[in-house]
Amino acid sequence: MAKPLPGRVVNQIRLLRFMANEMTQAELGERIGMTRQTVAAIEAGKYSPTLEAAFRIAQVFGKPLDEVFQWEG
Amino acid sequence: MSFREKIAWLSLIAMVVAYGVYFTLVSPAFLPAGASTGYFLALLGGILTVQAVLVTIASIVLAIQTGRDANAPADERERAIARRGAAIAYFVLMVGIIVVGCVMPFSAGGWHIVNAALLALVASEIVRYGVIVMSYRRGWHG
C-alpha cells in the first residue's frame, strides 16, 4: 500500500463559536454529545472527529461540512 | 481535565503505589525466610483491600467535584482512547502470560508463578492507564 500523502484536518470551530454569540466549548459539547475537553481537542487539531460528529458540529452552526473542516495538505 | 482522565490518573497512581509496595515486600530483600502461603495471601489481600477502598473513596470525591459530567456516557474520543489503551496493553499481557504459562513452569513454582502472573496483569494495566493518560495529555495524534 502506498504511503498516504501528508496533511491534516484543520477547522474553523473557534471562529464559528465566536460568530454564534461566543458559544462556549461546553455548550457546543452538550449539543453534540461530547465533553468540553473533546471539543477543545478537536478545536486544537489534537483529535479528528468521526464523520458523524463532524456533521453534527456543522449542523449546530448551520454550515456545510467543508466550511467547518478543511484538509490542509 | 475530564472526569475519565482524572479516574485514569487515579487508577494509574493507585496501581503503581499498591503493587510497588507489594512487589517490594515479596522481593528477596524483604521476604521473611520461610514465608507461608498465608503470608502472601494476607499481604496481597490487605493491599488489594486498601487499594480498592482508597480508589472508591477518591472516585466518589472526584465524581462529586466533577458534577454531572461524571454521569455522562463516554464520548467518541474517550472511547477511542480507552480502545487504544486496551489494544496496546493486550500485547504486554500476552507476553507476560506466555512467559508465566509456557516458560516459568519449567524453572519455578508456587508463589513465584503466582507473583509473575500478577506482575504481568499489573504491568498490562499500568501500560493501559499510561497510554490513556498520555493520549489525554498529548492529544489523540500525539
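Helices and strands here are runs assigned by DSSP, at least four residues long for a helix and at least two for a strand, and they are numbered from the N terminus. Keep that in mind as you move through the structure, which is a predicted model.

**Stop 1: chain A as a whole**

Select chain A and colour it by secondary structure, and you should find 5 helices and 2 strands. Following the chain along its sequence, the order of these elements is β-α-α-α-α-α-β. Its C-alpha trace spans about 45 × 20 × 20 Å along the principal axes. Of the 73 residues in chain A, 26% are buried. If you consider contacts in chain A between residues at least 6 apart in sequence, 57% of them join residues at least 24 apart.

**Stop 2: the start of chain A**

Now select Met1(A), which lies in the segment that comes before strand β1 (8-11) of chain A. Is Met1(A) buried or exposed? Met1(A) has 3 C-beta neighbours inside 10 Å, and because a residue with 12 or fewer is called exposed, Met1(A) counts as exposed. Add Pro49(A) to the selection and draw a distance between the two C-alpha atoms: Met1(A) and Pro49(A) are 48 residues apart along the chain, and their C-alpha atoms are separated by 25 Å.

**Stop 3: a residue in strand β1**

Move on to Val9(A), which sits in strand β1 of chain A. Val9(A) has 15 other C-beta atoms within 10 Å and is therefore partly exposed. Which residues does Val9(A) touch, if those up to four places away in sequence are not counted? Select Gly45(A), Ser48(A), Phe69(A) and Trp71(A), and you have the residues that Val9(A) touches on that basis. For another distance, choose Phe55(A), which is 46 residues from Val9(A) in sequence and 14 Å from Val9(A) in space, C-alpha to C-alpha.

**Stop 4: two residues with positive phi**

Next, go to the loop between α1 (13-19) and α2 (25-32) of chain A, where you will find Asn21(A); Glu22(A) is found in the loop between α1 and α2 of chain A as well. Most residues other than glycine have a negative phi. Asn21(A), although not a glycine, has a positive phi of about 55°, and Glu22(A), also not a glycine, has a positive phi of about 55°. Asn21(A) counts as exposed, with 7 C-beta neighbours inside 10 Å, and Glu22(A) is exposed too, with 8 other C-beta atoms within 10 Å.

**Stop 5: where chain A meets chain B**

Show both chains together and select the residues that touch across the boundary: 11 residues of chain A are in contact with 9 residues of chain B. On the chain A side, the largest share comes from helix α3 (residues 36-43) of chain A, which supplies 3 residues. Sorted by class, the side of chain A that touches chain B has 5 nonpolar, 5 polar and 1 charged residues.

**Stop 6: chain B as a whole**

Hide chain A and turn to chain B, which has 4 helices and 0 strands, giving the pattern α-α-α-α along the sequence. The C-alpha atoms of chain B fill a box of roughly 50 × 30 × 20 Å along the principal axes. Chain B has 142 residues, of which 17% count as buried. For contacts in chain B with a separation of 6 or more, 79% are accounted for by residues 24 or more positions apart.

**Stop 7: two helices of chain B**

Select helix α1 (residues 3-25) and helix α2 (residues 37-66) of chain B, which pack at an angle of about 165° with their axes 10 Å apart. Since an angle over 145 degrees counts as roughly antiparallel, α1(B) and α2(B) are roughly antiparallel to each other. The crossing in which α1(B) passes α2(B) is right-handed. To see the residues that meet, display side chains in both helices, including Phe3(B), Leu10(B) and Tyr22(B) in α1(B) and Leu44(B), Val55(B) and Leu62(B) in α2(B). The residues of this contact divide into 15 nonpolar, 4 polar and 1 charged.

Finally, keep only α1(B) selected and look for its buried residues, among them Arg4(B), Met15(B) and Tyr19(B). What covers the buried residues of α1(B) includes α2, α3 (76-103) and α4 (111-138) of chain B.

Definitions and conventions
Residues numbered from 1 in each chain as written. Chains lettered and ligands numbered in written order. Predicted model: local features only at pLDDT ≥ 70, side-chain atom pairs only at ≥ 80, totals over all residues. Contact = placed C-beta atoms within 7 Å. Nonpolar A, V, L, I, M, F, W, Y, C, P; charged D, E, K, R; others polar. Axes fitted to C-alpha atoms, helices over the stretch in contact; angles between N-to-C directions. Parallel < 35°, antiparallel > 145°, perpendicular 65-115°, else oblique. Left-handed = near helix turned anticlockwise from the far one by under 90°. Buried ≥ 20, exposed ≤ 12 C-beta atoms within 10 Å, placed from the backbone.
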